[in-house]
Amino acid sequence: MPTTVLKKLLTMTKILVIEDQEMLREELAHILQLERFQVLTAENGQVGLELARTHHPDLILCDVVMPVLDGHGVLKALRADATTARIPFIFLTGKTDKLELRQGMKLGADDYITKPFSRTELLEAIAAQFRKQAVIEQSLQTKIDTLRSSITLSLPHELHTPLTAIMGMADLLLEDYDTFKRQDVLEMLRAIHGSAERLYKLTQNFLLYAELELLMADTERIAALRHEATCFHATAAIAAIATQKSTEANRAADLQLSFQDGTAPISEPRLQKLAAEVIDNAFKFSEAGTPVSVATEASDDHFSLIVTDRGRGMTPDQIANIGAYMQFERRLYEQQGSGLGLIIAKRLAELYGGELSIESNPGVETIVRVDLPV
């Protein structure tokens, strides 16, 4: 019975009823209060919208045809506001016109209840929405728990390792500076500098990732970025990054370049960052002596970067779960990195309307492809 589910799982849940017919509004409030819901009521769409923004109900029941502001106007305003966009929304309507139903669903309605309806139909529709929300919240919680676990395991290690090297070398120099030869001092200073660079890159990547996640939720800023982006000849910039990364990995002989000259619809610094992360990843997770290919394809309507390596690769599940601080098989392989590189590259591609895709045959070949629309 829906009443049993609601009483056990949804006690004291807050529901907003927006209905201009007073008798129906009061009847709905009475039914819901008997089920131990907290109930807010509004006689028109404008009042209902203000109540939704103030009280953030767990679900909204809303008539379609109302004075001042109709149901479609309420839903459109709610979905445009980040603080109310995810509230489950059920229309109450006396119409069964398919065009109207489609219009409501396009605006983001979760369900329709056609008048007249029974108490059971009402409660079943509400229970269905809360079950759906519970599944969504559980999925989000699982992702949060996974991210938290990954951060707990990965981030302290990534911060601790370079800091330990910096502090250890600095302590040695401070305590016994006069006893070291000049060459020994230079080697220690190089080690300190290398560890500091690693720590700097980690913090910069963390800040960039946070910035990109905020940007991806702001459609207006995304539109402005894409509008302002000017195409530039990208091959020289990518070649320079590829050469730099192969040199840093002491694998200049493994680098293979194959370019089609073309323009990329992305700012040059962001393309350089995207290319650097993908190419660095290819060198990091493949063995010295195996080739790393960096290629571009270009046409009038797209620009693509394709990076291929013959490292250990990724399974389909690992590809599907790429995210910040996700390092796969860390227990089996000693490796540096926070797992931010690929997700940063992916977000940068998406920011400019493109996509990052991965094809991998573990132990044989992995292809990372970035496609950007021109």
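User: In this predicted model, which strands does α10 lie across, and at about what angle does α10 run to β10?

Analyst: Helix α10 lies across five named strands: β7, β9, β10, β11 and β12. Relative to β10, the helix runs at about 20°.

User: How are those strands ordered in their sheet, and which are the edge strands?

Analyst: The sheet is open, has 5 strands and mixed pairing, and follows the order β7-β9-β10-β12-β11. Neighbouring strands in this sheet are turned by 15° against each other on average, with direction ignored. An edge strand pairs on one side only, and this applies to β7 (255–258) and β11.

User: Why does the length of α10 agree with its residue count?

Analyst: Helix α10 covers residues 268–284, which is 17 residues. At 1.5 Å a residue, the helix should span 24 Å. The agreement holds because its end C-alpha atoms are 24 Å apart.

User: How many residues does α10 supply to the largest nonpolar core?

Analyst: The largest nonpolar core has 42 residues, and those touching the most other members are Ile238, Leu274, Ile279, Val294, Leu305 and Val307. Elements that each supply at least two residues of this core include α7 (182–216), α9 (235–248), α10 and β9 (292–298). The buried residues of α10 include Leu271, Leu274, Val278, Ile279 and Phe283. The largest share of the core comes from α10, with 8 residues.

User: Which residues of α10 does valine 307 touch?

Analyst: Leaving out residues up to four places away in sequence, valine 307 touches Val292, Ser293, Val294, Thr366, Ile367 and Val368, among others. Its list also holds three residues that are buried in α10. These are Val278, Ile279 and Ala282.

User: How many bridges join β10 to β12, and which residue stands opposite isoleucine 306?

Analyst: Strands β10 and β12 run antiparallel and are joined by 8 bridges. Opposite isoleucine 306, in β12, stands arginine 369.

User: At about what angle does α12 run to β11?

Analyst: Helix α12 lies across two strands, β11 and β12. Its direction relative to β11 is about 135°.

User: Is strand β1 mostly covered or uncovered, and what is the handedness of the crossover from β1 to β2?

Analyst: Strand β1 spans residues 14–18 and is mostly covered, with 4 of its 5 residues buried. It runs parallel to β2 (residues 38–42), joined by 5 bridges. Between the two strands the chain passes through α2, and this β-α-β crossover is right-handed.

User: Which residues stand opposite leucine 16 in β2 and isoleucine 18 in β3?

Analyst: Strand β1 is also joined to β3 (residues 59–63), by 4 bridges and in parallel. In β2, the bridge partner of leucine 16 is leucine 40. In β3, isoleucine 18 stands opposite cysteine 62.

User: Is leucine 28 buried or exposed, and how far is it from leucine 122?

Analyst: Leucine 28 is found in helix α2 (residues 22–34). Its relative accessible area is 1%, so leucine 28 is buried. Beyond neighbours within four places in sequence, it is in contact with Val17, Leu92, Phe117 and Leu122. Leucine 28 and leucine 122 are 94 residues apart in sequence, but C-alpha to C-alpha they are 9.0 Å apart.

User: What percentage of the residues in the protein chain is buried?

Analyst: The protein chain has 12 helices and 12 strands. Among contacts between residues at least 6 apart in sequence, 66% join residues at least 24 apart. Of the 374 residues, the buried ones make up 41%.

Terms used. Residues numbered from 1 in each chain as written. Predicted model: local features only at pLDDT ≥ 70, side-chain atom pairs only at ≥ 80, totals over all residues. Heavy atoms only, no water. Expected span 1.5 Å × (residues − 1). Buried < 20%, exposed > 50% of the residue type's maximum accessible area, 1.4 Å probe, protein only. Contact = heavy atoms within 4.5 Å. Core = buried A, V, L, I, M, F, W, Y, C linked by side-chain atoms within 4.5 Å. Pairing = 2+ DSSP bridges. Right-handed = clockwise from strand over helix to strand, strands pointing away. Axes fitted to C-alpha atoms, helices over the stretch in contact; angles between N-to-C directions.
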